[in-house]
Every structure is written in structure tokens, then in C-alpha cells.
Amino acid sequence: MSFETRGMVCAHHHLYSSFARGMPAPAVTPNSFLSILENVWWKIDAELDLDTLYWSAALGAAEALCSGTTAIIDHHESPMAIDGSLDVIADACSIIGVKSNLSYGVTDRWDGSTLRSKVSPLAPITDGAVRGLRENERFLRAGGRGMVGVHAAFTCTDETLERATSLAESMNTGVHIHVAEGLDDKDAGARLQNRATDSWLLVHAVHLDRQLSGTIVHNPRSNMNNSVGYANPVRFSNDVVLGTDGIGADMLEEARLAYVRLRESDVTQTPDTVWQWLHTAEKFFPEILEDSVTWSYDNTDSPWHVAFTPGIRCVDVRVKGQLVVKDGMPTQFDMTEIRTKASEAASKLHKKLALR
Ligand SMILES: [Zn+2]
């Protein structure tokens, strides 16, 4: 019986997306996964500048810390503000006091200022992809903690996938990539089979049709929200970890949802499977063993208890022994200031989106 756990890891986040909440509704109701990308996410990321990105990342990181999540693996895209964007996110995470592993999501979907929803594998590499690769390389060479990001195979040429693979290898890290999230990316398995290694992070794998090397990141809430289907990650022998895909970073909440979705698929499953996914993510941040979280419930060391106790709150967080959240409020920064600045940046972004 314990009120305490170690710090949580969100293994796939999009800190750029904090301001999707409250954005103007798309003119046309999206009716497919691709249409959600086109009308929501690819509209927001194209309007980001570095200042907006900073406050979006700071708010996302602050909300993560106050949820007991002390480490985030982030996947970032801001196609009109690529250069230096990973430094902006790193700074925001550092000021908030959250550990981060960052990558820029390389893509060929922007051909100059024209957006293409699908890209031919044999098309020439675009300037946008080259700049994205450069941002990953610049950040990693400067000592940044991260991976080489790729949006997804279906928006990349073969040359881009090859260059990202080589860059990751030369920097001694992996590739962080969305894999077969929707049917539009069903060829991802075939295109990545000879490239993926154990250090890759394979995000979603909903329609993945073969075994690929790497760790699978399961994002049940996002998958349900996008109506892409159930990934059923236990069908693979890979390590599995949990992410939120940008919908907050409350990992106990995500784990509870992952459990009931798993159970819906197989009634013999237990919460232990999902809690193992939470622990497996600690391999990306070994120092997280020095972090601890005190919760509002006294059996947080029992998966069966937590799975059936909605609403457990994070009370205190200690990072390397230092009390950084006390009674639910951060001690090292002013949450009201973060929310105020973030709200101003969000209003500006929403106004720009309303004009599109
Ligand atoms: Zn994602």
C-alpha cells in the first residue's frame, strides 16, 4: 500500500498542439483520418511561429509536471518555423523542469508553399524535408537529447526516409516516426522494414502488417478520437510504451483508458499488462528512478486498484529529491503566468486560423 510512484513518462507527445483546444472549428467537418490531419493538425502547425511554440510547449510541459509526468518524448512540426524550433521546446521544458527527448518530424508534404496530402516515394526530396533533417542534426550535434523525427512514411519520399535513417545511425540514436496510424499509411511496414532498428520509436502501429524492429508507442485516446481502429499492441513481440499523441500528459488517465480498451478486445487481460507499458518507458530516461510522485490515493502501487479508481490526483512531485509540485501547484514557476501568456498566444493563433 503506497501513495507513491516513480515519475511518469509520456512516450509520444506533441507539445506544439496545446492550443488546439479552443481553435476555430474547421469549415468542413472532417470525415476521415486524412481529413482530420488536413483540417486540424496541418493547419495549426503551419501557423506556428517560435514565440507561439514556446508558450504552447511551456503550457504542455507545465500540465505534464502537474500530472506527475516528469519526462516527455516529443515529436514536433512547425513547417514555417523549422530552424531553431527544437531549442525553443528544449528551453520551455527546461524552465518548467521536465526532462525531454525531442525530434523534428521531417516530411515532404510541403512542396514550397503547396501542401500535398500524400507523397510519391519516388518523388525528389523537398527543401522542407532537407531543412527538417538539418534541424534534427543541428540539435543533436549541439548535444540535445533526442531522436531523428519523421512525420510518416506516406508523406515522405524514399530519399527522405533513407537520409533520416542514415542521420539517426550516424548520431547513434533512433528514428521517431508515426507508423500505419491510418489506412493512408498502410504501406509503412513494407517501406520501413529494411530500415527500422531496435532504437526506433514506432508510433501507433494500428495498421502495421508485419513485425518491425523498435519500440511501439500505443496512444489509445488519440486512436479512438481519430477513429483509426484498435492497434492491439500485444499482437507484437516489441516493447510497448504509452503516449498521449498531444492530448495532455496524464499517464494514469491514459493507462486506465488503455486498460479498458485492451480488456474490450480480450477479457482475459489484466491491468498488469498496461502498467508494464508505463514502466518500460523508463528505459528512455534512466534518471527518472530519482523522481517520485505522491498521489491522492493509497494503493497506487497496485494496477488493479488504479485501473478502477478514476480521478486519482497528483499531489506532490519530486525531481531528483527536489519538491517541484506541492499540493498540486508548481513551486519553481508561476502557473498563473504560464496560463496567462499561453492564453494570449493561443488567442493570436486562433485569430490567424479563423482567417484561413
Ligand atoms: Zn503523433
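How many bridges join strand 1 to strand 12? There are 3 bridges between strand 1 and strand 12 (residues 292–295), and the two strands run antiparallel. Welcome to a short tour of this predicted model, which starts with the chain as a whole and then goes through its sheets and helices. The protein chain holds 11 helices and 15 strands. Its radius of gyration is 19 Å, close to the 21 Å that the globule rule gives for 356 residues, so the chain is as compact as a globular protein of that length.

**The chain as a whole**

- If you are thinking about box dimensions, the C-alpha trace of the protein chain spans about 60 × 45 × 45 Å along its principal axes.
- Of the 356 residues in the protein chain, 51% are buried.
- Among contacts in the protein chain with a separation of 6 or more, 71% are between residues 24 or more positions apart.

**The antiparallel sheet**

- Strands 1, 12, 13, 14 and 15 make an open sheet of 5 strands in the order 1-12-13-14-15, with antiparallel pairing.
- Its edges are strand 1 (4–6) and strand 15 (329–330), each of which pairs on one side only.
- Where strand 1 meets strand 12, Arg6 stands opposite Ser292.

**The sheet of strands 2, 3 and 4**

- This open sheet has 3 strands in the order 2-3-4, and the pairing is parallel.
- Strand 2 and strand 4 (99–104) each have a single partner strand, so one side of each is left without a neighbour in the sheet.
- From one strand to the next, the twist averages 5°.
- Strand 2 and strand 3 (residues 69–76) run parallel and are joined by 4 bridges.
- In that pairing, His13 has Asp74 in strand 3 as its bridge partner.

**From strand 7 to strand 10**

- Strand 7 (residues 148–152) is mostly covered, with 5 of its 5 residues buried.
- Strand 7 runs parallel to strand 8, and 4 bridges join them.
- Strand 8 (residues 175–179) also pairs with strand 9 (residues 201–204) in the parallel sense, over 4 bridges.
- His178 gives you a handy landmark here: this residue of strand 8 is the bridge partner of Ala152, and in strand 9 the bridge partner of His178 is Val203.
- Strand 9 and strand 10 (residues 215–218) run parallel too, with 3 bridges between them.
- Across that pairing, Leu202 has Ile216 in strand 10 as its bridge partner.
- As a reminder for viewing these strands, side chains in a regular strand alternate between the two faces of the sheet.

**Helix 1 and Val40**

- Val40 lies in helix 1 (residues 33–47).
- Why does Val40 count as partly exposed? Val40 has 18 C-beta neighbours inside 10 Å, whereas a residue needs 20 or more to be buried and 12 or fewer to be exposed.
- Beyond its neighbours within four places in sequence, Val40 is in contact with Ala20, Pro26 and Pro30.
- Pro26 is 14 residues from Val40 along the chain, and their C-alpha atoms are separated by 7.0 Å.

**Helices 2 and 3**

- The axes of helix 2 (residues 50–65) and helix 3 (residues 85–96) come within 8 Å and cross at roughly 35°.
- This crossing of helix 2 and helix 3 is right-handed.
- On the helix 2 side, the residues that meet helix 3 are Leu50, Leu53, Tyr54, Ala57, Ala58, Ala61, Ala62 and Leu65.
- On the helix 3 side, they meet Ser85, Val88, Ile89, Ala92, Cys93, Ile95 and Ile96.
- An α-helix has 3.6 residues a turn, so residues three or four places apart point the same way.

**Helix 9 and its two faces**

- Helix 9 (residues 271–280) has Pro271, Val274, Trp275, Trp277 and Leu278 as its buried residues.
- These residues cover an arc of only 145° around the axis, which puts them on the same side of helix 9.
- The face turned away from that buried side carries the exposed residues Asp272 and His279.
- The strands that the buried residues of helix 9 pack against are strand 2 (8–13), strand 10 and strand 11 (240–242).
- Those buried residues also pack against helix 8 (251–265) and helix 10 (303–307).

Key
Residues numbered from 1 in each chain as written. Predicted model: local features only at pLDDT ≥ 70, side-chain atom pairs only at ≥ 80, totals over all residues. Pairing = 2+ DSSP bridges. Contact = placed C-beta atoms within 7 Å. Arc of directions from axis to C-beta. Rg over C-alpha atoms; globule rule 2.2 N^0.38 Å. Axes fitted to C-alpha atoms, helices over the stretch in contact; angles between N-to-C directions. Left-handed = near helix turned anticlockwise from the far one by under 90°.
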